Amino acid sequence: AREARSTTDYRRIVEYFPASTVAADARWYLAAQLERAELRGDALAELQRFVRDHPKDKRVPEALARQTALAERLQRLADARQTLSALTAIEPEPTIKGSDGGPALGARAWAKVYEEKLFKGLSAAALQHAEATAGLEPPLTRVYRGVTELSQDGAELIPVDAPSGNHEFFV
């Protein structure tokens, strides 16, 4: 799976060989590649699928740690708390590699940093409410909008991420 060069290659491996160990490797590398490309939401989704589809893989604790960090950066704090709890519940305690190339730490020591961010000053009732409403918040994508006709500031072309050329429609 390491020989794959693009996210498309990794996705094909997962699609064609879903039950193989190669699929686990492909999903792992796909998540890393998406993370490097700053596609944190997609990387988080791939890591969640990795944990769901390959629960016996030795990289599951590392995947849970990466999920916690990504969810915290995406402000999905309830997801981050849930993943952090799953990570710290693993017995025997796994070690987590430092994201900055630092030494590996025990999962509970690694989790201390995130516990301060995720649980700071929240009452038990506030945490319970956040957990109950976590799935109700849709993931949002930032959209940049140009001037509209309703604003009466005049027409303006805005860039759109769409194929260019003669495709029988205009962008």
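# Buried charge and helix packing

Q: At its relative accessibility, does E46 count as buried or exposed?
A: In this predicted model, the relative accessibility of E46 comes to 4%. Since a residue is called buried when its relative accessible area is under 20%, E46 counts as buried.

Q: Which residue forms a salt bridge with E46 in which the closest N and O atoms are 2.7 Å apart?
A: The pairing ties together parts that are 19 residues apart in sequence, because one partner lies in helix 2 while E46 lies in helix 3. The partner in helix 2 is buried, and so is E46. With a distance of 2.7 Å between the closest N and O atoms, the residue that bridges to E46 is R27.

Q: How many residues apart in sequence are the parts that E46 and R11 tie together?
A: The side chains of E46 and R11 meet in a salt bridge, with an N to O distance of 3.7 Å. Because E46 belongs to helix 3 and R11 to helix 1, the parts that this pair ties together are separated in sequence by 35 residues.

Q: Which residues do salt bridges that share partners join into one network?
A: R27 and E46 are both buried. Through salt bridges that share partners, these two belong to one network whose members are R11, R27, E46, R49, R52 and D53.

Q: Which residue forms a salt bridge with E38?
A: E38 sits in the loop between helix 2 and helix 3, and its phi is positive, about 65°, although E38 is not a glycine. Its salt-bridge partner is partly exposed, with a relative accessible area of 28%. The closest N and O atoms of this pair are 2.7 Å apart, and the partner of E38 is R40.

Q: How are helix 2 and helix 3 oriented, roughly parallel or roughly antiparallel?
A: The axes of helix 2 and helix 3 come within 8 Å of each other and cross at roughly 160°. Because angles over 145 degrees are classed in this way, helix 2 and helix 3 are roughly antiparallel.

Q: Which residues in helix 3 are met by A24, R27, W28, L30, A31, L34 and E35 in helix 2?
A: Helix 2 passes helix 3 in a left-handed crossing. Where the two helices meet, the helix 2 residues include A24 and W28, and the residues facing them in helix 3 are D42, A43, E46, L47, R49, F50 and D53.

Q: Which helix supplies the largest share of the core?
A: The largest nonpolar core has 30 residues, and those with the most contacts inside it are F50, L87 and W110. Helices 1, 2, 3, 4, 5 and 6 each supply at least two residues of this core. The largest share, seven residues, comes from helix 4.

Q: Leaving aside neighbours within four places in sequence, which residues are in contact with L87?
A: L87 is one of the residues with the most contacts inside the largest nonpolar core, alongside F50 and W110. Once its neighbours within four places in sequence are left aside, the residues in contact with L87 are P61, L64, A65, P94, I96, A107 and W110.

Q: Which peptide bond is cis?
A: Most peptide bonds are trans. The cis bond leads into P92, a residue in the loop between helix 5 and strand 1. With omega near -15°, this cis bond is the one from E91 to P92.

Terms used: Residues numbered from 1 in each chain as written. Predicted model: local features only at pLDDT ≥ 70, side-chain atom pairs only at ≥ 80, totals over all residues. Heavy atoms only, no water. Core = buried A, V, L, I, M, F, W, Y, C linked by side-chain atoms within 4.5 Å. Buried < 20%, exposed > 50% of the residue type's maximum accessible area, 1.4 Å probe, protein only. Helix = DSSP H or I, 4+ residues; strand = E, 2+ residues; numbered from the N terminus. Contact = heavy atoms within 4.5 Å. Salt bridge = Lys/Arg side-chain N within 4 Å of Asp/Glu carboxyl O. Axes fitted to C-alpha atoms, helices over the stretch in contact; angles between N-to-C directions. Parallel < 35°, antiparallel > 145°, perpendicular 65-115°, else oblique. Left-handed = near helix turned anticlockwise from the far one by under 90°.
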